[in-house]
Each structure stands twice: as structure tokens, then as C-alpha cells.
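Visitor: Please take a single part of this model and go through it closely, and then place it in the setting of the rest.

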Amino acid sequence: MKLIGYFRSSAAFRVRIALNLKGIAVEHASRHLRKGEQAAADYVALNPQKLVPAMVLDSGDVLTQSLAILEYLEETHPQPPLLPGDAVDRARIRALALICAADIHPIQNLRVMAYLRDNFGQSEESAFAWSRHWIDTGFEAYEASIAGDRKTGTFSHGDHPTLADLCLIPQVFNAARFKVDMKRYPTIQRIFEASMKLPAFDAAQPSRQPDAEP
């Protein structure tokens, strides 16, 4: 299999963590998002959305959208599980994951910020303020959902990483880039620190990738 991503993409970061946790070796390739390489014709043929990640399977099938890729990996490589527990537990994990993947990330990513600057005359500072607002809005909900909940353990759900943490940790990295005050979210920060002690998370972080830039 081949994973096509970008070192700073939080969506690709999620998939890298899962691959590491499950011990799946893949070929890694990169499309530089800031240089527009995702719009090249050969990549658009793989992923018409012009987004990363894309995963090319040994069969030649191409998977897109990080959560769909994560669900595929969970179904084909179920150990260790990213969605443990009963149906209610799995729904809780998916709901937490979607706070980051559906409610925060899409409206503070690179193309949205570029649109704000290019079409609405926003400065870099105001675009960052936009991103901070939506990260704070989502993190307030995430923190309230896990703080004091008996199902929260070392990680967002229990004492082993789940799909929720795979979406949360890359978003914390984004929050640092946008200078979000993480003191407001002590439970999230605690989970972040626990996660980054694990080799699977540490090896997946942006600075560890072959295409990483300062």
C-alpha cells in the first residue's frame, strides 16, 4: 500500500498514527499542499477532491477521506482496535472524533484560510484569529464531553488510544500553530501528553516525516 500525504496535514497525520499502532508498513509519498501539487493532473485522477491523504491499495483501489481510510484499516486489521466496546461506546468515540474531523478541521484548514485571504481581503493575523475561534469552539465542546466522564481514562475513551485520539492529537498540533491557549483544556492537554509518549504517535508527528520543513 502507498499513503500519499503531506507532513503538516492533520488528516494524513491521523492515518499515520493508525498505521503505526497497527504495525502496517506502507510506502509514503507526499504532495506539497502549499505548492499546489495536489492539483496536478496525475493526483486529481486519484483524488478528484485535490486533498490528502489518499491511500493506494495493493489491488490498485484508491481510498480517500481519512475517516474512511481509518474505518478500512479497522475492518482489515482489527488489532489493536480503534473502536472498542459496545455500540454505545463506539458511537461516543465516533462523536468525539467528528468534533475534530468534521466541526473544527474543515473550516480552519489551508484552503479555507487561503480563500479568506484571497477573496475577502483578510490578513494572515485575521485568518489565524478565524482558525483560533473555531478550534476553541470545538475544544470547548470536546473538553466538556470528556472531563469528568467515567468513560474517559488515560485517553479520550478508556486507557488505550481510539479513533477519537487519532483525530484529537493532530488537532492539538494545529492548535499550537494557531497559538491556542491550551491551559483552557486541561483534559485534552493531559491526553495529548499521554499520547505523545507512545512511539506510534511520536513517529507520526509532522516533524518526523521525510518531507518535513521548518
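Guide: The buried residues of helix H8 pack against three other helices, namely H6 (124-146), H7 (163-177) and H9 (199-202), where buried means under 20% relative accessible area, exposed over 50% and partly exposed in between, with a 1.4 Å probe and protein chains only, and where packing rests on contact, meaning heavy atoms within 4.5 Å. This is a predicted model, in which local features need pLDDT of at least 70 and side-chain atom pairs count only at pLDDT 80 or more, whereas totals for chains, interfaces and linings use all residues. Residues are numbered from 1 along each chain as its sequence is written, and side-chain values use heavy atoms, with hydrogens and water left out.

H8 itself runs over residues 186-195, and its buried residues are Thr-187, Ile-188, Ile-191, Phe-192, Ala-194 and Ser-195. Viewed along the axis of H8, these buried residues lie within an arc of 165°, so they line one face of the helix; the arc is that of the directions from the helix axis to the C-beta atoms. As general background, an α-helix has 3.6 residues a turn, so residues three or four places apart point the same way.

Just ahead of H8 in the chain, Lys-179 sits in the loop between H7 and H8. Its phi is positive, about 60°, although Lys-179 is not a glycine, and with a relative accessibility of 65% the residue counts as exposed. Lys-50 likewise has a positive phi of about 60° without being a glycine, but its place is in the loop between H2 and S3, and at 40% relative accessibility Lys-50 counts as partly exposed.

That loop, between helix H2 (41-46) and strand S3 (54-56), also holds Asn-47, which is buried, with a relative accessible area of 2%. Leaving aside neighbours within four places in sequence, Asn-47 is in contact with Pro-53 and Thr-64. Pro-53 belongs to the loop between H2 and S3 as well, and the peptide bond that joins Val-52 to Pro-53 is cis, with omega about 5°. A cis peptide bond also leads from Gln-79 to Pro-80, with omega near -15°, and Pro-80 is found in the loop between helix H3 (66-76) and helix H4 (87-104).

Leu-51 is another residue placed in the loop between H2 and S3, and at 24% relative accessibility Leu-51 counts as partly exposed. Apart from its neighbours within four places in sequence, Leu-51 is in contact with Tyr-43 and Arg-111, whereas its C-alpha atom is separated by 22 Å from that of Arg-94, which is 43 residues away along the chain.

Turning to a strand, His-28 has its place in S2 (residues 27-30) and is partly exposed, with a relative accessible area of 44%. Not counting residues up to four places away in sequence, His-28 touches Leu-3 and Arg-16, while Tyr-6, 22 residues from His-28 in sequence, is 9.6 Å from it in space, C-alpha to C-alpha.

As for the setting of these parts, the protein contains 9 helices and 4 strands, with helices (H or I, at least four residues) and strands (E, at least two) taken as DSSP runs numbered from the N terminus. In sequence order they follow the pattern β-α-β-α-β-β-α-α-α-α-α-α-α. The radius of gyration of the protein is 17 Å, close to the 17 Å that the globule rule gives for 214 residues, so the protein is as compact as a globular protein of that length; this radius is taken over C-alpha atoms, and the rule is 2.2 Å times the number of residues to the power 0.38. Along the principal axes of the protein, the C-alpha trace spans about 50 × 45 × 30 Å.

Buried residues make up 45% of the 214 residues, and among contacts between residues at least 6 apart in sequence, 67% join residues at least 24 apart. The protein exposes about 10300 Å², of which carbon and sulfur atoms supply 55%.

Technical notes
Accessible areas come from the Shrake-Rupley method with a 1.4 Å probe; for residues, only the protein chains shown count as cover.
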